[in-house]
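Thanks for sharing this one. Here are a few friendly notes to read with the structure open beside you.

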Amino acid sequence: MYGGDEVSAIVLDLGSYTCKAGYAGEDAPKAVFPSVVGSIYQAGATDEVKHEKDSDSMYDSENADKTKTRKLERLLIDPKEHPMLLAEPSFNTPQQREKAAELMFESYKVPALFLAKNAVLTSFASGRATSLVVDSGGGSTTIAAVHDGYVLQKAVSTSPIGGEFLTDCMMKSLESKGVMIKPRYSFKRKEIRPGEFQTVDLDIPNTTESYKLYSQRAVASDIKESVCRVPDTAFEESAYANVPMTPYELPDGQTIEIGADRFKIPDVLFNPSLVQTIPGMESFAGSASVSGLPQMVIESINRCDADIKRELFSSILLAGGTASMLQLKERLEKELMEEAPQAARVKVLASGNSIERRFSVWIGGSILASLGSFQQLWFSKAEYEEHGVSNIQRKCP
Amino acid sequence: MDAKDILGLPKNPFPATQEKKPRPQKETQRKPDGVHREVYALTGGMAPLMPTIEVSHLKKRQNTEKEKISWQWLPFTSSARTDNLQLYHWVRVVNGVPPTGDYSFAKYNKSVDVVKYTDEEYKKHLTDPMWSREETDQLFDFCERFDLRFIIIADRFPYPRTVEELKSRYYAVTRALLLSRAPSPGDEPYNMTHEVERKRALSVVLSQTKQQEQRDAEILAEAKQIMESRMASKSTEDVELPVNQIGNEGSEATAHAESISLLNTNHLSSSTAAPPTAECTSTPASLRMLRVYLRTHALEQMVQAANSSAGLRTIKRVDQTLQDLGVHLKPKVPTKSVCAEHLELRKEILTLLNLQKQLQNREAEASVNRDNSYAETPSTPKRSYRGDVERSLVPDSAGFGGDRVGKRDHKRKAPGRFTDAPPSPPQSKRPRKLKSSDG
């Protein structure tokens, strides 16, 4: 590596759906696990599942602490020996950053720390210093403009529609059609004859509602990932009423047919008001104020300085798990070309590999932390002790 | 080749089967053992010219090197850091001596030199009603932190300021400081208004919706059309009418300038371009200004319309032909039927001239081909081409009257082939029919 110098830094990306951790310099995180925390109440031996949806709770509550501890244990490392690069959301407030820094230095005693914004890391992962990053992850979708390696904070916009939301839509839609999704733990398949299976229902007492929901969601998200496709044009009920159904086999053996929902659910990204038509989801309150992806992109670019708009239009990056949805890139490009002025050439980029799209934030962190010229930017423990935690704002822009 | 070899098919359809057997044998014999045929084919089927790696070398050369090299995980410091954080990395240790010197990447730690001012200097040179001391201090702090990336500075600046204001203040302060310290003029000062204007225009361009852009494009296309039609009518009018002696480009240019400004009100085509001529104040024809037209004016308009596709030289030739025929360029008694016949005549002459020109071209090509054909083998395409040439030339020749043969010869460059073709009545009938269809 020409510009590289490994110092065995650790890159941590605590996302809203999965957490990724691994060594800098590698091309994929070693530890990927869901951002859920199970807590056992001392009163009864029940498990609760809490999902870290809000970034506040990432750094505030003990849950975040537990997540981090778990992660570090999985990696089998001693945090005292390794500098840490943390990926943080692009809209993180200064207070949250300071809390995170305190946590890392006091509890884990890391020698050096750096907080980098997700959008910047994604941009670096694709080799660009200036781009517009559309990060469509589990919990939310964030659009941020990066210029010369810095996030333009006035141009950041988020939408609560993310992968989890689409999974919920899928679940509700299937429920309304009468399909019962059995969580994985609730049955066992016995082979009575070669090739033929019989499902036996198990009854496991003391499973909580939240765990059941979590397991059901896992099945629904698998359905979503395998079957759903973004339609080429805006979704209309009439147009897709006669589309051929796709079969999908659930883990317990029953086969379901999915027709128009294949296209309807991903189109929620582009047209959030579609959510109202899904039975069971009408209570989604924010759909009036939330706009679709192309509108958010254009709004974000318009808030930036006129000199860089053209460059932003021609380097729009897609990242996140939901960005791996089929045809998302083509549809987004098409919609943007219609809305954008003709003087700007619209180009949406996404790495072909779905692993790279999911972990692009982590990969960007890996690249950054293993660069020789980055080693002077760490916020070290000595600096923390000398100048206090607020110095992090200066050191990690 | 290789695929056929694999399939066992004969390599060439024609050579005898005896060739097939020794050839595959030769192929396989040439391929060395131990190397797959496909890998061998990657190099182009030939052995490498130079030995790449010799296995004997790999086995022999162990530790005959003089130096002892090992890699160790050692701590390091960097001069680019202000604290003495010690990180660890792999270091190539030669003979037990770790490398000395600064961290190799420390030399990339470059930053922008932002001028610093003292309180005195601020009070003397740098006070500004629009900027407070704190803001200026903050600005310079940000400039240093963000290496003069003004877009990011504007994004993060706590007070609401545009990029242009920040730049303007920074450059003004720096310029004043440099001037006060060492009096040399330096470059052109930052022109804030120009920048603001430029940026505003750019944002307008970039935020136009599709409909606006389409409308703009339509309007521009219309303007272009109208300009072109005006140019056509202008140029031919000035050439044709013997009344006006003006044909200078200047009047035309100003006329066009006016026409562009009036484009929203005019959607006329060239044949009915009468009103615009009245609006051109630069043409000194007083008749026109009073909207009085000669009877021949309409005729001239139609002549220009007919001539507009022709070009100046052709128009002159048409006029020349008319004069040679003894016809006035402008009919003496411009009644309706007379004018109609005059126009008809002009059109026919135009057609004549066009056909003559085509004839010339074809003849030139034919003669070129004839010259070339001595070198090449005669094949059917050439013959048919010449046949086409001859066939196309026959109707051209037949239509002309006897008195025009001489003129034709005079006009054509290549030696004619038709002086022997008599204009027989049936042939002459055919072109007449063509011409009546033209009229």
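**Notes on rings, charges and the largest pocket**

1. I would begin with a charge and a ring in chain B. The charged end of B:Arg133 sits over the ring of B:Tyr122, at 4.6 Å from the ring's centre. Please keep in mind throughout that this is a predicted model.

2. A second such contact is worth a look. Here the charged end of B:Arg145 lies over the ring of B:Phe142, with 5.1 Å to the ring centre. B:Phe142 also belongs to an aromatic cluster, together with A:Tyr150, B:Trp131, B:Phe146, B:Phe157 and B:Tyr159. The cluster therefore takes in residues of chain A and chain B, as its members' names show.

3. Next come the aromatic pairs. Over all chains, the search of the whole structure turns up 24 of them. In one, B:Phe140 and B:Tyr170 have ring centres 5.4 Å apart and planes at 40°, so this pair counts as tilted: the angle is neither under 30 degrees, as for stacked rings, nor over 60, as for edge-to-face ones. The two residues join distant parts of the chain, since B:Phe140 is in helix H7 of chain B and B:Tyr170 in helix H9 (residues 163-181) of chain B, 30 residues away. Both B:Phe140 and B:Tyr170 are buried.

4. Now the largest pocket, which holds about 1,400 Å³ of space. Its lining comprises 37 residues, and those nearest the centre are A:Tyr150, A:Gln376, A:Leu377, B:Arg145 and B:Asp147. Two of these names will be familiar: A:Tyr150 from the aromatic cluster, and B:Arg145 from the contact with B:Phe142.

5. Which elements supply at least two residues each to that lining? From chain A they are strand E7 (112-117), helix H4 (118-125), helix H12 (360-369) and helix H14 (392-395), and from chain B helix H7 (133-145). E7(A) contributes the most, with four residues. In chain B, domain 1 (69-108) and domain 2 (119-190) each give at least three residues to the lining.

6. On the chemistry of the lining, the count by class is 18 nonpolar, eight polar and 11 charged residues.

7. Finally, a proline in chain A. Is A:Pro272 buried or exposed? Its relative accessible area is 4%, so A:Pro272 is buried, the limit being under 20%. A:Pro272 is found in the loop between helix H7 (261-267) and helix H8 (293-302) of chain A. From C-alpha to C-alpha, A:Pro272 and A:Ser289 are 9.2 Å apart in space, with their positions 17 residues apart in sequence numbering.

Definitions and conventions
Residues numbered from 1 in each chain as written. Chains lettered and ligands numbered in written order. Predicted model: local features only at pLDDT ≥ 70, side-chain atom pairs only at ≥ 80, totals over all residues. Heavy atoms only, no water. 1 Å grid on protein atoms, 1.4 Å probe; cavity = no way out; pocket = protein on both sides within 12 Å on 5 of 7 lines; lining within 4 Å. Points joined across faces, edges and corners; volume = space filled by probe spheres on them. Nonpolar A, V, L, I, M, F, W, Y, C, P; charged D, E, K, R; others polar. Domains from an automatic or database assignment. Phe/Tyr/Trp six-rings, centres within 6.5 Å; stacked < 30°, edge-to-face > 60°. Buried < 20%, exposed > 50% of the residue type's maximum accessible area, 1.4 Å probe, protein only. Lys NZ or Arg CZ within 6 Å of the ring centre and 35° of its normal.
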